[in-house]
Amino acid sequence: TYEKSGRMFGNRLIRSTSKVVFQDPNFRTDLINFIHNCTMYDLIDGTIGPAAFSSSGDVWPLMATPNPARFSTITTSSAINVDTCPNVYANLDGRLPAQITKIQGRLAFQLNPTLPGVAAAAVIAPQIQQAYIKNNIADASATAADLIRQNAMLNAINDTSTIIGQKVNDPAAMMLAVGRAQAVAQQNAAWINNGKVAEQALPVFRNVIEALTYALFPLMVLLLLLTSGRETMLAFKGYATVLIWIQLWPPLYAVMNYMASIYAAYDLAAAADIGGGAQALSLQTASTIYSGAISGEAVVGYLAISIPVIAWAAVKR
């Protein structure tokens, strides 16, 4: 698994899916307007229970029975029409699968850049499903499409709460939303960058050392001709020690990745707890899950720096 997908693939996959948004601007506009014009009023009058909505692992079905006395917009290629909230929901629900397929295709290439297009598209669904199930953020009944939809819906709901400030001319709400987003982005960027330094620099460092060691082999043979007896064995031993040291890095990386993935599963399961022993990706838990996934990557990135030292200590007994 480590060879195919790299370090902390489950965490990276959760981080990537947490950023997904509906890419069609017309669909996204209609959805945000629907949430603002229909769902928020359903939450206010109790048609949708706020507690159930905030802890739900699948918010879209909860939004299926809006008040027919309210209206929202439907955008087409030629015009913007106004219709009742139930009709708008039905329209969005019919357009939703195509949007999810588009997001899933994009994730396939981002997370499996070394695979051909067809192969990447074939593996992305089980990858997403297993990452969430293994980390106890979802159960076995949740499909990859369900998880992508939930992530995109949570982002749309957050976008709606921010855009309302513009609609009602509330600059304080906008400033608060911008400040909160900047703080989260800054912290996450710091964690990601710290992890990436070790993740990307160390493999390059290892490859350079290995290439230099192989390139120096002809010179090593010539040097051995200038020695004899014990000196020859010591020189050959030094060269062999470096080769063994380099080859110890991959298995040590794999062990570290395995142990870190096990710990991350417990950590993310705790972050996804919504009470009563249940876990779900919901409005309540999304921020904690994403931050935990990112910080876990960063911690393992720091630990990766110790791999060369541990390998050298093993070689030197």
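**Exposure, bridges and backbone**

Biologist: Does Arg317 count as buried or exposed?
Modeller: Arg317 has a relative accessibility of 81%, to be set against a scale on which buried means under 20% relative accessible area, exposed over 50% and partly exposed in between (1.4 Å probe, protein chains only). This is a predicted model, in which local features need pLDDT of at least 70 and side-chain atom pairs count only at pLDDT 80 or more, while totals for chains, interfaces and linings use all residues. Residues are numbered from 1 along each chain as its sequence is written, and side-chain values use heavy atoms, with hydrogens and water left out. On that scale, Arg317 counts as exposed.

Biologist: What is the phi of Arg317, in the segment after H12?
Modeller: Most residues other than glycine have a negative phi. Arg317 is not a glycine, yet its phi is positive, at about 60°.

Biologist: Which cysteines form the disulfide?
Modeller: A disulfide here is a pair of cysteine sulfur atoms within 2.5 Å, and by this rule the count comes to 1. The two sulfur atoms in question are 1.9 Å apart, and the cysteines that carry them are Cys38 and Cys85.

Biologist: Where in the chain do Cys38 and Cys85 lie, and how many residues apart are they?
Modeller: Helices (H or I, at least four residues) and strands (E, at least two) are DSSP runs, numbered from the N terminus. Cys38 belongs to helix H3 (residues 25–45) and Cys85 to helix H5 (residues 85–111), so the pair links distant parts of the chain, its members being separated by 47 residues.

Biologist: Why is the disulfide of Cys38 and Cys85 given a handedness, and which one?
Modeller: Both partners are buried, since Cys38 has 1% relative accessibility and Cys85 has 0%. The torsion about their S-S bond is about -80°, and the disulfide is therefore left-handed.

Biologist: Which residue in helix H7 pairs with Asp58 in a salt bridge?
Modeller: A salt bridge is a side-chain nitrogen of Lys or Arg within 4 Å of a carboxyl oxygen of Asp or Glu, and the pair formed by Asp58 has an N to O distance of 2.6 Å. Asp58 sits in the loop between helix H4 (50–55) and strand E1 (71–75), so the pair ties together parts 91 residues apart in sequence. The partner is buried, with a relative accessible area of 14%, and its name is Arg149.

Biologist: What does Arg149 bridge to in addition, with closest N and O atoms 3.6 Å apart?
Modeller: The second partner is 3 residues away in helix H7, so about one helical turn separates the two. This residue is partly exposed at 25% relative accessible area, and its name is Asp146.
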